[in-house]
Amino acid sequence: MSFREKSAWVMGAIMLATGLWYAQLVAAAPQAPVIGPLIPYVLAVIVLSIVAQVILAVASPKEADAPADERERAAIDRAGHFSGAVLGFGVITAIVMHIGGWSATLLVHAIVGALIVSTIAEYALQIFYFRRATR
Amino acid sequence: MSKRPPITNRVRELREEHDRISQAALGEAVGVTRHTIIAIEQGRYSPSLETAFRIARRFGVGVEDVFGWEGE
């Protein structure tokens, strides 16, 4: 498994685990101020990402230093393209729900949720494109 | 699974003819990862024209001596 695939697996797992935690925090107090769950969530993502990337880089220092090659760049670009569509769909849905009566607090949570889902989709698609036949 | 590219190649054969150069060493010489060389050898990935030329030049042969069109 290449360094970038390992990184995508680890980052995807971090985003999934922290995303579920964020959803739990929001479900426990849906109308509480947004800052309450958002700050610990963002801090957890930053800290876990740094720790994971440091561990991966220490385990494979040469690969970690090398830039993505043409096949990896194509996979990353394609995954980013589709995850952008996921994010767009989530944001538009959140806005429609807000117009339909959701509070501003829920709107923010829904947009953060769309960002989390699109990031997970991006890592999952990267893994898919790294593995499948690519032109 | 998507369709395989219709491009054939002799990369593995040429590596073995040239002192059994490793996939990692070839990748380093042409600017791609070992995993991309593996994908090329398995026919799962068609490299860019630039990488195709770099691979051919590394072996001292022409691009058409390394890559071909399926069925030809």
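This report walks through some side-chain contacts, surface features and folds of a predicted model.

## Ground rules

The model is predicted, so local features need pLDDT of at least 70 and side-chain atom pairs count only at pLDDT 80 or more, while totals for chains, interfaces and linings use all residues. Residues are numbered from 1 along each chain as its sequence is written, chains are lettered from A and ligands numbered from 1 in the order in which they are written, and side-chain values use heavy atoms, with hydrogens and water left out.

## Chain B at a glance

Chain B has five helices and two strands, in the order β-α-α-α-α-α-β from the N terminus on. Helices (H or I, at least four residues) and strands (E, at least two) are DSSP runs, numbered from the N terminus. The C-alpha atoms of chain B fit a box of roughly 30 × 25 × 20 Å along the principal axes.

How does the radius of gyration of chain B compare with that of a compact globule? With 72 residues, such a globule would come out near 11 Å, and chain B has 11 Å, which agrees. That radius is taken over C-alpha atoms, and the globule rule is 2.2 Å times the number of residues to the power 0.38. Of the 72 residues in chain B, 42% count as buried; buried means under 20% relative accessible area, exposed over 50%, and partly exposed in between (1.4 Å probe, protein chains only).

## A loop and a far segment

Now for the loop between helix H1 (11–17) and helix H2 (23–30) of chain B, which holds B:Asp19 and B:Arg20. Phi is positive at B:Asp19, near 55°, and at B:Arg20, about 50°; neither B:Asp19 nor B:Arg20 is a glycine. B:Asp19 is exposed at 76% relative accessible area, and B:Arg20 is exposed too, at 64%.

B:Glu72 sits in the segment after strand S2 (67–69) of chain B and is exposed, with 82% relative accessible area.

## Salt bridges

How many salt bridges does a search of the whole structure find? There are eight over all chains, where a salt bridge is a side-chain nitrogen of Lys or Arg within 4 Å of a carboxyl oxygen of Asp or Glu. One of them pairs A:Lys62 with B:Glu28 at 3.3 Å, N to O. A:Lys62 lies in helix H3 (residues 61–65) of chain A and B:Glu28 in helix H2 of chain B, so this pair joins two chains. Both ends are exposed: A:Lys62 at 61% and B:Glu28 at 57%.

Within chain B, B:Glu41 meets B:Arg15, with their closest N and O atoms 2.5 Å apart. B:Glu41 is in helix H3 (residues 34–41) and B:Arg15 in helix H1, so the pair ties together parts that are 26 residues apart in sequence. B:Glu41 and B:Arg15 are buried. There's also a salt-bridge network linking B:Arg10, B:Glu13 and B:Glu17.

## Rings in chain A

Two aromatic pairs turn up over all chains; rings of Phe, Tyr and Trp (its six-membered ring) pair if their centres lie within 6.5 Å, with planes under 30 degrees apart called stacked, over 60 edge-to-face and the rest tilted. The rings of A:Tyr22 and A:Tyr41 have centres 5.0 Å apart and planes at 55°, so this pair is tilted. A:Tyr22 is buried at 3% relative accessible area, and A:Tyr41 is buried at 6%.
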